Amino acid sequence: MADIVVVGGGLTGLITALTLSHSPFQVAHVQCQQRDGDGETIRTTTISASGKRMLETLGVWQHLTAVPTPIEALKVADGEPSAGSKARRGNAFDLEWQDQDEPMAFVVPNAALLAALERHMRNADVERLTNRTVAGSTIVNKQAELTLVNDKGLIESVICDLVVGCDGPNSLLRKSAGIRQHKLPHRQTAVVALISTEQPHSNAAFQRFLASGPIALMPLANNLMSLVWTLPKQEASRYQACDVNEFNMAITAAIGDELGFLNLQSDRLVWPLKPAFIANPTADNLILAGDAAHVIHPLAGQGYNLALGDAAVLLDILCTASARGLPASHLSVLADYRHKRQFEVGAMSLATTSLNALFTTMPSGIARIAGLGMSLLNRSPAKSVFSAIARGGILAQANLLAGKLPQRDERWR
Ligand SMILES: Cc1cc2nc3c(=O)[nH]c(=O)nc-3n(C[C@H](O)[C@H](O)[C@H](O)COP(=O)(O)OP(=O)(O)OC[C@H]3O[C@@H](n4cnc5c(N)ncnc54)[C@H](O)[C@@H]3O)c2cc1C
């Protein structure tokens with residue numbers, strides 16, 4: 001019987017099971033059927049420098065089938081670009097970070113990341129319970145009891161000390177534990193696609209805050225870019241369905257002329273955006289991680305980076321607990337996780353929600369003042385603080401984020 005059962009076959013569940021396999025506790029992993037690849041070939045994830053260090057240390061980064069693209073510069077602007085000419089002051093990419101010694105982040109196709117994680121899981125010290133869905137969860141004699149249903153409809157139960165719920169934004173484990181979630185209404189939808197650019201992107205990422213929502217372009221190999229365009233939900237449906245030429249003209253007009261004409265190179269996917277927060281990601285015998293614990297607006301590309309922080313911090317806490325002879329579900333483990341995650345998760349949730357609200361729902365005068373702040377920020381020392389946060393490992397500190405695995409104690413296992 002495993003001490004810890006990690007639930008969820010998404011990006012968070014896989015990295016959490018792999019990470020915790022380096023803890024002194026026995027780990028099992030519950031996963032529904034393999035992902036059907038819906039859109040994973042189109043979606044990309046921006047991984048911060050500290051997230052990259054963690055994936056490298058675990059041996060996952062080396063197995064990526066697509067070469068990650070380093071972000072060597074980040075260019076941010078607000079307001080509509082002025083047509084035709086070089087953008088006017090105030091509409092140009094006022095805020096710019098240039099890479100100093102190492103890239104602040106890397107863009108990885110989701111399909112390549114999932115494949116590398118899956119491949120690594122095959123050799124990990126993790127009991128795999130595949131093709132199973134969690135149908136219920138209770139606590140019996142201070143242990144968690146999960147009811148699993150397999151793809152043939154057969155029911156089995158699994159007992160463990162600690163469940164780590166990585167079962168996504170609609171987490172059944174969160175609901176079963178009665179943890180309240182505060183969800184913002186669905187007002188915006190992200191249109192996601194791959195595009196090519198007329199001018200070379202030179203490994204720069206672009207983000208423009210518009211009144212309709214932020215539009216971001218992240219660099220990929222072969223002069224492709226990954227588009228995440230946030231729009232009011234009805235507009236997103238219209239742009240998903242419209243003629244390709246109209247779409248190309250609309251995205252080129254939205255970002256400005258810095259990259260020349262933009263051309264759609266893939267299907268267009270849509271993602272309803274419903275940021276959600278919970279005050280406490282723990283309950284008896286349960287810890288939540290990834291989107292089960294926090295769903296943030298994708299404008300900063302930080303959702304999965306938070307999940308990496310969740311897993312790395314939890315590993316350190318479990319190693320300390322074991323050294324003190326405590327079980328994985330001990331109250332001090334839950335309390336430590338809650339305390340160590342609340343600052344980074346709270347700060348990212350607040351920053352992304354407020355930035356989005358500032359430019360989309362505030363009167364244009366206030367948004368303009370905020371825009372002026374961007375050019376001021378470009379010349380202020382605070383810029384290096386933001387840059388450090390984007391690199392990761394500042395708001396959350398853990399051995400893996402610094403590229404270190406916990407020392408194995410001879411008494412383990
Ligand atoms: C448009 C967009 C762009 C983004 N870009 C970035 C980015 O650049 N950088 C970044 O860091 N983040 C980014 N994010 C956020 C990131 O994609 C998410 O944080 C991450 O994918 C969440 O993964 P997850 O595994 O927690 O959740 P999910 O992907 O939702 O996975 C949940 C898993 O749990 C399984 N599951 C659910 N219920 C059960 C059950 N009862 N039993 C068993 N299994 C179950 C599901 O099958 C699924 O496999 C972006 C998000 C969006 C929407």
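Colleague: Let's start with the ligand. Which element gives the largest share of the shell around it?
Modeller: That would be H7, with four residues. Keep in mind that this is a predicted model.

Colleague: Sure. Which other elements supply at least two residues of that shell?
Modeller: Besides helix H7 (303-323), there are helix H1 (11-20) and the strands E3 (44-48), E9 (132-140) and E14 (188-197).

Colleague: And which residues come nearest to the ligand?
Modeller: Gly10, Gly168, Gly290, Gly303 and Tyr304, out of the 31 residues around the ligand.

Colleague: Nice. How do the shell residues divide into nonpolar, polar and charged?
Modeller: The shell has 15 nonpolar residues and 14 polar ones, plus two that are charged.

Colleague: Switching topic: you listed E9 as part of the shell. How many bridges join E9 to E10?
Modeller: Eight, and the two strands run antiparallel, with E10 covering residues 143-150. To give you a landmark, Leu146 in E10 stands opposite Ser137.

Colleague: What's in the turn of that hairpin?
Modeller: Two residues lie between E9 and E10, and Asn141 in the turn has a positive phi of about 50°.

Colleague: Then how does E10 pair with E11, parallel or antiparallel?
Modeller: Antiparallel, over six bridges, with E11 spanning residues 155-160. There, Ala144 has Cys160 in E11 as its bridge partner.

Colleague: How many residues sit between E10 and E11 in their hairpin?
Modeller: Four, and Gly153 in that turn has a positive phi of about 90°.

Conventions
Residues numbered from 1 in each chain as written. Predicted model: local features only at pLDDT ≥ 70, side-chain atom pairs only at ≥ 80, totals over all residues. Near = placed C-beta within 6 Å. Nonpolar A, V, L, I, M, F, W, Y, C, P; charged D, E, K, R; others polar. Pairing = 2+ DSSP bridges.
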